[in-house]
Amino acid sequence: MRTSTTIARPPTPVAIRMRRLVSLALVHAVLIGGAVFMLLPFVFMLTSAIKPPGEIFEATFRLWPRQFYGWQNFESALSTAPLLRFLLNGLIVCGGILVVQLLVAIPCAYALAKLRFPGRPILFSLVLLGLCIPVQAPSLPLYIAFAELGILNTYLSMMMPFFLSVFAIFLFRQFFKSYPDEIIQAARLDGVGEFEIVWRIVVPSAWPAIAAFSIFSVVAHWNDLYWPLIVVSDTKLATPPLGMMYFADSELGSNYGALAAGATIITAPLVIAFLIARRRFIAGITMTGIK
Amino acid sequence: MAGLTLRGIRKTFGDTAVLNDIDLDIADGEFLTLVGPSGCGKSTLLRIIAGLESQDRGSVSIGGTSVDHLRPHERRIAMVFQNYALYPHMSVFDNMALPLTMTRLNLFERLPLMRHLSPRRRRVMDEIAREVRAVAEQLRIETFFHRRPGQLSGGQRQRVALGRAMVRHPQAFLMDEPLSNLDAKLRVHMRGELTELHARLGVTMIYVTHDQIEAMTMSDRLAVMDHGDILQLGTPADVYDRPATTAVAQFIGSPAINLFPARVGPGGQVELLGRTLPIDVRNVPAPELTVGVRPEAMRIGGGPCAVTCRFRRRENLGSESILHFDLVASPEVAVLCRIDNGMPIPEGEVTLAFEPRDCHVFDNNGRRIEVESRNAASRDVRRASEVR
């Protein structure tokens with residue numbers, strides 16, 4: 001029996017393999033392009049940190065300098081700007097913000113996810129509304145309030161506006177929503193109070209969410225320049241980006257090698273912390289097998 | 001240990017009534033099963049007893065005192081959940097010890113870092129460990145004390161959940177479909193273990209299931225529920241032999257009961273598909289009746305009580321078979337008959353007969369009607385004369 005219509009022949013194994021190879025190459029080319037675009041400034045910073053002043057603005061870009069000038073750059077960065085002090089300030093501010101955020105948001109999120117009380121839907125829509133308000137919007141009233149309270153130029157003034165994170169409440173609420181009700185009820189029958197249910201029963205299973213949120217929070221507040229710039233004028237309290245800004249236009253202004261070295265020092269903790277947290281993050285996901 | 005009393009328990013979720021004025025008395029040490037199709041309110045009733053859900057009206061008493069104002073753990077009852085509800089991040093030992101540490105240690109002694117500062121804590125924890133070990137030995141789970149629930153099989157998790165309930169020496173055990181996540185073989189085994197456990201502990205157990213075999217085999221009494229009402233409360237034999245409604249008759253018994261449409265004749269006799277059965281009814285609200293006959297009461301052959309059927313297929317269960325028939329008079333009515341293997345398998349049209357005393361007669365609302373069997377009396381006279 002013959003048909004006049006042409007039937008597409010099944011592709012040969014070689015053709016299939018070729019097609020797969022081409023599409024893989026294409027996808028990776030796009031990804032590599034994106035990665036280069038993102039990483040190039042970072043690489044430029046790293047190489048500038050180990051170049052002598054004369055080499056930084058040479059027309060040809062080279063990854064490794066002809067003359068290794070790293071020690072001098074790092075030494076002058078550390079000696080002119082109190083970089084370690086900035087790092088400590090960053091640690092205090094980010095740590096303080098994160099701890100209070102978790103202490104406030106976790107019980108809030110638990111209540112919104114698992115407790116039944118009148119007004120819960122309204123409270124949750126307020127949380128969603130809060131997500132829509134940019135941090136810059138309430139900065140003027142906050143500044144005035146802090147000035148009235150006389151707490152400008154303190155660690156507290158840098159941390160306080162961020163203590164209540166609607167994003168954290170939202171994130172944890174979504175996570176707790178999927179926590180099995182039976183386990184919470186079993187805990188109630190075993191005599192565990194609601195606060196202890198949160199901290200002893202639910203939180204140990206929420207490490208992936210806590211790790212994810214911690215990364216967001218620390219990155220955001222470590223890199224935040226806007227709010228510290230408004231409430232802090234004392235260099236001793238400056239967070240890393242603010243400190244760098246102070247020194248970029250005074251002492252280190254013309255020494256780009258030292259500036260790049262300083263930038264490397266203040267970004268290093270974040271990069272290292274992220275690499276560590278990422279591992280924990282993956283371990284956390286595989287560890288909590290709730291069934 | 002204590003009995004329980006429920007009075008006028010009512011619960012609605014939004015507009016839907018889940019429980020309609022439930023009254024129930026459960027004796028001390030009784031094994032009572034709440035059985036019914038899913039969504040009948042049995043789990044909600046159990047959770048109201050536990051205090052996890054609050055009733056809209058009515059009251060719950062345990063051991064003669066009202067517990068309506070008490071929180072779940074203050075009611076001193078334990079509950080075993082369908083998916084075990086073990087704490088996933090704690091070891092088996094910690095899971096079982098938690099109810100005791102919560103009652104015997106104060107907040108300070110339970111804090112993660114402070115606990116090492118309390119001299120009393122160590123003594124109390126030793127005592128708790130001893131008690132947990134004693135319970136674990138009864139359930140044969142002490143060998144995996146240090147594993148997490150995720151590393152256990154379904155049956156082992158079930159035992160840990162039971163153990164966590166037992167360490168508290170509760171006044172009553174509440175069980176919410178505890179066996180339904182197990183495979184068939186293990187379920188049969190755990191059924192036996194639970195029955196033995198109940199006999200050994202002698203504690204009140206309230207057991208929720210949708211599985212009528214569990215309800216029949218394990219309970220002292222069972223309450224058949226549907227649409228938020230208790231349709232019938234009685235011993236398994238009671239419910240099986242004298243079902244109060246067609247719903248109960250259909251739910252209890254496997255394979256399900258055969259129901260035939262019937263009418264009441266002018267003299268009060270029951271007419272089934274043109275045959276007059278040798279049974280009478282009185283005071284029926286409407287002439288329409290339903291006659292129920294269990295498949296195991298049907299046999300192939302003639303008699304005064306019989307229906308004509310067409311054979312469809314056979315299910316072989318090994319020692320016995322379930323035969324499927326259609327009623328010749330109205331083919332949409334399926335008829336089941338249970339016979340021992342070795343009996344001849346019929347073909348085509350056959351007559352299935354049953355005894356008048358095996359007939360369950362229900363009125364047009366599905367409620368049971370007591371019948372009088374005419375032949376029974378005459379048969380007894382005849383037997384008496386034969387003996388003579």
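Two strands count as paired if DSSP finds at least two bridges between them. Keep that in mind as you look through these close-ups of a predicted model.

**View 1. A hairpin in chain B joins β16(B) and β17(B).** Strand β16 covers residues 306–316 of chain B, and strand β17 covers residues 320–327 of chain B. The two run antiparallel and are joined by seven bridges. To see one of these pairings, find B:F311, whose bridge partner in β17(B) is B:F325. Three residues lie between the strands of this hairpin. In the turn, look for B:G318, which has a positive phi of about 100°.

**View 2. On to the pairing of β16(B) with β19(B).** Strand β19 spans residues 349–353 of chain B. Five bridges link β16(B) to β19(B), and these strands too run antiparallel. Which residue in β19(B) stands opposite B:C309? It is B:V350.

**View 3. Five strands of chain B make an open sheet.** Follow the order β15-β19-β16-β17-β18 across the sheet, where the pairing is antiparallel. Strands β15 (299–300) and β18 (334–340) of chain B stand at the edges; each has a single partner strand, so one side of each has no neighbour in the sheet.

**View 4. Helices α4(A) and α8(A) cross in chain A.** Two packed helices are described by the angle between their axes and the distance between the axes. Here, the axes of α4 (residues 83–114) and α8 (residues 166–177) of chain A come within 8 Å and cross at roughly 45°. That angle makes α4(A) oblique to α8(A). The crossing is right-handed. On the α4(A) side, the residues that meet α8(A) include A:Q101, A:A105, A:I106 and A:Y110. Among their counterparts in α8(A) are A:I169, A:F172 and A:F176. The residues of this contact divide into 11 nonpolar, one polar and three charged.

**View 5. Chain A meets chain B.** In this view, 17 residues of chain A are in contact with 17 residues of chain B. Which helix gives the largest share of chain A's side? Helix α9 (residues 181–189) of chain A does, with six residues. The chain A side as a whole divides into eight nonpolar, five polar and four charged residues.

**View 6. The domain assignment splits chain B into two domains.** Domain 1 is given as 4–241 and domain 2 as 255–385. The C-alpha centres of these two domains of chain B lie 42 Å apart.

Definitions and conventions. Residues are numbered from 1 along each chain as its sequence is written. Chains are lettered from A and ligands numbered from 1 in the order in which they are written. This is a predicted model: local features need pLDDT of at least 70, side-chain atom pairs count only at pLDDT 80 or more; totals for chains, interfaces and linings use all residues. Axes are lines fitted to C-alpha atoms, for helices over the stretch in contact, and angles run from 0 to 180 degrees between N-to-C directions. Helices (H or I, at least four residues) and strands (E, at least two) are DSSP runs, numbered from the N terminus. Angles under 35 degrees count as roughly parallel, over 145 as roughly antiparallel, 65 to 115 as roughly perpendicular and the rest as oblique. A crossing is left-handed if the near helix is turned anticlockwise from the far one by less than a right angle, and right-handed if clockwise. Two residues are in contact if their C-beta atoms, placed from the backbone, lie within 7 Å. Ala, Val, Leu, Ile, Met, Phe, Trp, Tyr, Cys and Pro count as nonpolar, Asp, Glu, Lys and Arg as charged, and the others, Gly among them, as polar. Domain bounds come from an automatic or database domain assignment.
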